[in-house]
Amino acid sequence: MTTTTRPAEASGQFAIGGDLTVNRLGYGTMQLTGEGVWGDPRDPEEAVRVLRRAVELGVNFFDTADSYGPFVAELLIKKALRPYADDLVIATKAGFTRQGPGLWTPVGRPEYLRQQVELSLRHLGVERIDLLQLHRIDPAVPVADQVGELALMQREGKIRHIGLSEVSVEDVEEAGRSATIVSVQNLYNLAHRDAEPLLEYSEANNIAFIPWFPLATGELAAEGGPLAAAAKEHGATPSQLALAWLLRRSPVMLPIPGTSTVAHLEDNVAAATVQLTDTEFDALTRAA
């Protein structure tokens, strides 16, 4: 593992939608909110420090959502990072309503999605959202109506690119009949790879694949496990190797590990400098 003052740059780059180039190791803001992704963080000033330190470390891709707080994470981003650097890309989401801590209900009615996009524009302090992701497809509303409303706002100049979250290949293809889909965000990590078909589809179509919960490694990181053993050999942590594996797995992979402390952030971002050998990568792949 090497060191650098801007380690995120070592993760390589990917152009979302062909025109938004970001360093592939990003940052997810969900953990900046209160317990149950509800309300303000315990230490709002540390949350601001985390966001600003991420930029210092070379992170220029931030993932958030209107439902984180709700709106708490978006407002923290504005407080910490505005005026935004020219190369900073903020992805947010709409389509999940909140009824309290840990409660999430999808709502995809066009008028609701439009309201939430307008609020995100205000809360982030931007005139156009770089990447707006449908947080969940609402089964009670036709996909064409949900994605079609986002496409309409895209034509109005309020959204630059459109993505989806927690979907199948079939969902992406259906949504693609209403808009160009440039990203997908699904649960995926070293220990949980049910979204492998979607990742392969994303590679074939140059769609950004944003894995959420990227550090869930389970027993692999336990004492004596393959991840722990490899980490010891590298002088790295199991979490760093889990992120290094994701970055090596695919050129369209954009991991967004989140944290609420600067120390943990620095540890995560350093993963971009970890170089796995072919043998190490294959061994970790087989171990899971």
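Colleague: Let's start with Arg248. Over the face of which residue does Arg248 lie?

Modeller: This is a predicted model, so keep in mind that we're reading computed geometry. The idea is to look for a charged end placed over a ring, with Arg CZ within 6 Å of the ring centre. Here Arg248 lies over the face of Phe281, 5.1 Å from the ring centre. There's another case to look up: the charged end of Arg98 sits over the ring of Trp104, at 3.8 Å from its centre.

Colleague: Now the rings themselves. How many aromatic pairs does the structure hold?

Modeller: It holds 6 aromatic pairs. To read one, check the angle between the ring planes: over 60 degrees counts as edge-to-face, under 30 as stacked. Tyr188 and Phe209 are edge-to-face, with 5.5 Å centre to centre and 80 degrees between the planes. Tyr188 belongs to the loop between β10 (181-187) and α6 (196-205), while Phe209 is in strand β11 (residues 208-212), so this pair links distant parts of the chain, 21 residues apart. Both Tyr188 and Phe209 are buried.

Colleague: And Trp245 and Phe281, are they stacked or edge-to-face?

Modeller: Stacked: their centres are 5.8 Å apart and the planes differ by 20 degrees. Trp245 comes from helix α8 (residues 238-249) and Phe281 from helix α10 (residues 278-287), so the pair ties together parts that are 36 residues apart in sequence. Trp245 and Phe281 are both buried. Put the four rings side by side and you have one aromatic cluster: Tyr188, Phe209, Trp245 and Phe281.

Colleague: Phe209 sits in β11. How do I read that strand?

Modeller: Check its surroundings, then its partner. Of the 5 residues of β11, 4 are buried, so the strand is largely enclosed by the rest of the structure. β10 and β11 pair in the parallel sense over 5 bridges, and Val184 stands opposite Phe209. The chain crosses from β10 through α6 to β11, and this β-α-β crossover is right-handed.

Colleague: Stepping back, how many helices and strands are there in the chain?

Modeller: You'll find 10 helices and 11 strands. For overall packing, set the radius of gyration against the globule rule: the chain has 18 Å, close to the 19 Å the rule gives for 288 residues, so it is as compact as a globular protein of that length. The C-alpha trace spans about 55 × 40 × 35 Å along its principal axes.

Colleague: What share of the residues is buried?

Modeller: Buried residues make up 55% of the 288. As for contacts with a separation of 6 or more, 73% of them come from residues 24 or more positions apart.

How values were computed
Residues numbered from 1 in each chain as written. Predicted model: local features only at pLDDT ≥ 70, side-chain atom pairs only at ≥ 80, totals over all residues. Heavy atoms only, no water. Phe/Tyr/Trp six-rings, centres within 6.5 Å; stacked < 30°, edge-to-face > 60°. Helix = DSSP H or I, 4+ residues; strand = E, 2+ residues; numbered from the N terminus. Buried < 20%, exposed > 50% of the residue type's maximum accessible area, 1.4 Å probe, protein only. Lys NZ or Arg CZ within 6 Å of the ring centre and 35° of its normal. Pairing = 2+ DSSP bridges. Right-handed = clockwise from strand over helix to strand, strands pointing away. Rg over C-alpha atoms; globule rule 2.2 N^0.38 Å. Contact = heavy atoms within 4.5 Å.
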